[in-house]
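Colleague: Could you take a close look at a single part of this model for me, and build up the picture around it step by step? I am new to reading structures, so please explain any term before you lean on it.

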Amino acid sequence: MNKQKFWMFTLVVLGVGLANLYLFSGQATAHSMGLLEKQLRGSVQSYEARTLLINTQTNALVRAAAENTAGLSADAKADESLLATATSSVAAQEQQRGGFRETHGLVVVATSKGIARYKAGKGNALEEADKAPRYPFLRDALEGNAKQGYGISGDTLYRFSAVPGPKGGALLVGYAIEKDWSDGLKGDIGADLTMLLEGKVIASTLSQSDQATVAKLGKKPFGKGVDVGEAATLGKLPLPLLFASAPAHRAVPIALAGPSGAQVVISLPAKDAVGAVA
């Protein structure tokens, strides 16, 4: 009888202890996720401020390049000579640029007489003036309006800046969205970035497996934090989750102005934040 009471008492104590541990772990996990959310929001704000600065600098760079491109005017002949002058002018401005470093992947000069285009990996090409609509924002610049934003040329997603020339004509410069872009911004904002276009990963700082998980976000509300995946282990050591559960990442998807389905996902891993209490 005494043995039965002893084991009953032991089981009750063990049950109460496990229940309290489970409750504590849940509360501690929720607190850690709250801190992670705050950190993520800070990274989103840093991303927005950083990209605004980059876009402002790029627009100024392209405008200066257009002003320094001798021969660019409304009635100039859009040939390889004018294109070479414009491309050299863009490169010269990039050398003077401070902060975020990137190299143009597309340069287009357009006049009433035609279009001359340089594209990294594709070389130069000359086209008729009526082909301007195939280049995002180029038509706006030809009409005297500077424009910038994201767009697609061929199979590549670019960040474009298009400006009118001082005597007419237009200059369009595109910077490809690729891994160097995401890697450069990650250091600035302290979070991972994944660029998606219609659910396809264009550039990311995440591992291949995590990229696949983020790509499944689908049409989540933009600007709101969402859980991504489920963490199998937590902490710097691969400890299994016993008394807590957490997502693999906490993320905020942000729609990009331009192509339909273009978005950047800013994310932070949950395992290190929650691992101490799991």
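Modeller: Let us begin with a term: two strands are said to pair if DSSP finds at least two bridges between them. Please keep in mind that this is a predicted model. With that in hand, we can look at strand 13 (262-269), which is joined to strand 7 by 6 bridges, the two strands running antiparallel. Strand 12 is joined to strand 13 as well, here through 7 bridges, and this pair also runs antiparallel.

Individual residues show how these pairings work out. Met195 has Val264 of strand 13 as its bridge partner, and Val264 is also the bridge partner of Ile254. A further position to find is Ala255, which stands opposite Gln263 in strand 13. Strand 12 and strand 13 form a hairpin, with 6 residues between them, and in the turn Gly258 has a positive phi of about 140°.

Stepping back to the sheet, we find 5 strands in the order 8-7-13-12-9, forming an open sheet with antiparallel pairing. Strand 8 (200-204) and strand 9 (226-228) stand at the edges and have a single partner strand each, so one side of each is left without a neighbour in the sheet. On average, and with direction ignored, neighbouring strands of this sheet are turned by 35° against each other.

Next comes the question of what covers the strand. Of the 8 residues in strand 13, 7 are buried, so that the strand is mostly covered, where buried means under 20% relative accessible area. Helix 4 lies across strand 7, strand 8 and strand 13, and it runs at about 145° to strand 7.

In soluble globular proteins, nonpolar side chains tend to be buried together. In this model, the largest nonpolar core has 25 residues, and those that touch the most other members are Tyr47, Tyr150, Trp181, Met195, Val264 and Ile266. At least two residues of this core come from each of helix 1 (2-67), helix 4 (179-189), strand 7 (192-197), strand 12 (249-255) and strand 13, and helix 1 gives the most, with 5 residues.

Val264 is a good place to pause. If we leave aside its neighbours within four places in sequence, Val264 is in contact with Tyr47, Trp181, Leu193, Thr194, Met195, Val252, Pro253, Ile254 and Leu256. Apart from the core we have been following lies another core, of 18 residues, which includes Ala65, Leu82, Ala86 and Val163.

Some of the residues named for the core return when we turn to empty space. The structure holds 1 cavity of 30 Å³ or more, and about 30 Å³ of space lies in the largest cavity. Its lining is made of Thr51, Ile54, Asn55, Phe100, Tyr150, Arg159, Trp181 and Leu185, with helix 1 and helix 4 as the elements that give two or more residues to it. Helix 1 supplies the largest share of this lining, 3 residues.

Helix 4 also takes part in the lining of the largest pocket, to which strand 5 (156-164) and strand 6 (170-176) likewise give two or more residues. This pocket has a volume of about 230 Å³, and among the 16 residues that line it, the closest to its centre are Thr103, Gly105, Tyr175, Ala176 and Glu178.

Note on methods
Residues are numbered from 1 along each chain as its sequence is written. This is a predicted model: local features need pLDDT of at least 70, side-chain atom pairs count only at pLDDT 80 or more; totals for chains, interfaces and linings use all residues. Side-chain values use heavy atoms; hydrogens and water are left out. A nonpolar core is a set of buried Ala, Val, Leu, Ile, Met, Phe, Trp, Tyr and Cys residues joined through side-chain atoms within 4.5 Å. Buried means under 20% relative accessible area, exposed over 50%, partly exposed in between (1.4 Å probe, protein chains only). Helices (H or I, at least four residues) and strands (E, at least two) are DSSP runs, numbered from the N terminus. Contact means heavy atoms within 4.5 Å. Axes are lines fitted to C-alpha atoms, for helices over the stretch in contact, and angles run from 0 to 180 degrees between N-to-C directions. On a 1 Å grid over the protein atoms alone, a cavity is a set of points where a 1.4 Å probe fits but cannot get out, and a pocket is an open set with protein on both sides within 12 Å along at least five of seven lines; lining residues have an atom within 4 Å of a point. Grid points are joined across faces, edges and corners, and a volume is the space filled by probe spheres set on the points.
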